[in-house]
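Let's take a walk through this protein together. Have a look at the model first, and then we'll start with one pair of strands and work outward.

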Amino acid sequence: MTNSLPLFHRIAGQPVMLLGEGDAGLAKRRLIERAGGVIVGEDDPQARLAFVALDDPDETAARLKARGLLVNVTDRPDLCDFTVPSLLERGPVQVAVGTGSVSAGLAKSLRLRLEALLPQSLGELAQGLSAIRAALKNRFPDAADRRRALDAALAQGGALDPLDSASAARIGGWLENATSGGPATIEIQLRSADPDDLTLREARFLGSADCLASEPGVAPEIAMRARADAVRLDIGTGAPPPLADGLVVVLRAS
């Protein structure tokens, strides 16, 4: 189970408190300014976030928390209300890699590996999908149909595969011929309680499921791989799949 909830916090034009100097303080300053935040001191009553880069931060962190601020303390994860991930940017697309302050070096290494995988055109793809939102809604008035159509297009090898640098140029043609695929049922016979034993195809179905039906004995770690907003149903061992709209994924216990 994760010990943090990843969030993207908009700070453009907002006051952000920064207490500290030296290399650590300058690094935080660059980070805040890069996101458009306005750096303020401890006397600003409007700030909601605070970055502390001091040699002896305990008292300062406690004081700021007592005022209701969320605090990040350099090199002191035990004092942090939030941590700053290693960030990869492709236009509006941001991929944040964090380790809960366990290893910043590992987060950076993973981010660098992802840099080599994600094409520069990914931002263009995101902008293109934003531009057709109204047209996509007209073609698929039902939200579940839209999601299934996009899931199929964005899947590996799909018309809009995010790792294909040519996908952005295909958006218009895809929209003209897009289909939602309609309702479907997929059964997955689990081989173990380890989610790493799922095949890539099984993991993709889990991530796209509208309804998740689980037999007794299915490990919670497996079910966590499904969309958070997928409907969850418990079924008996060997029971037939439930009737539900969209993609129904049935997990059969090992």
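Start with strand 7 and strand 10 (residues 247-252), which run side by side in the parallel sense and are joined over six bridges. If you want a spot to fix your eye on, find Ile-186: across from it, in strand 10, stands Val-249. Keep in mind as you look that this is a predicted model.

Sitting against the sheet is helix 8 (residues 200-208), which touches strand 7, strand 8 (211-214) and strand 10. Compare directions and you'll find that helix 8 makes about 125° with strand 10.

Now for the sheet itself. It is an open one of four strands, in the order 7-10-8-9, and the pairing is parallel. At the edges are strand 7 (184-189) and strand 9 (231-234), each with a partner on one side only. Going from one strand to the next, the twist averages 20°. As for what links such neighbours, strands of a sheet pair through backbone hydrogen bonds.

Time to zoom out. In total, the protein chain has nine helices and 10 strands, and its C-alpha trace spans about 60 × 45 × 35 Å along the principal axes. Of its 254 residues, 37% count as buried. Take the contacts between residues at least 6 apart in sequence, and 52% of them join residues at least 24 apart.

And the outside? The accessible surface comes to about 15,100 Å², with 53% of that belonging to carbon and sulfur atoms. The chain carries 28 positive and 33 negative side chains, and the centres of these two sets lie 5 Å apart.

Terms used: Residues numbered from 1 in each chain as written. Predicted model: local features only at pLDDT ≥ 70, side-chain atom pairs only at ≥ 80, totals over all residues. Heavy atoms only, no water. Helix = DSSP H or I, 4+ residues; strand = E, 2+ residues; numbered from the N terminus. Buried < 20%, exposed > 50% of the residue type's maximum accessible area, 1.4 Å probe, protein only. Contact = heavy atoms within 4.5 Å. Areas by Shrake-Rupley, 256 points an atom, 1.4 Å probe, with all protein chains shown as cover. Lys, Arg positive; Asp, Glu negative; His and termini not counted. Charge placed at Lys NZ, Arg CZ, Asp CG, Glu CD. Pairing = 2+ DSSP bridges. Axes fitted to C-alpha atoms, helices over the stretch in contact; angles between N-to-C directions.
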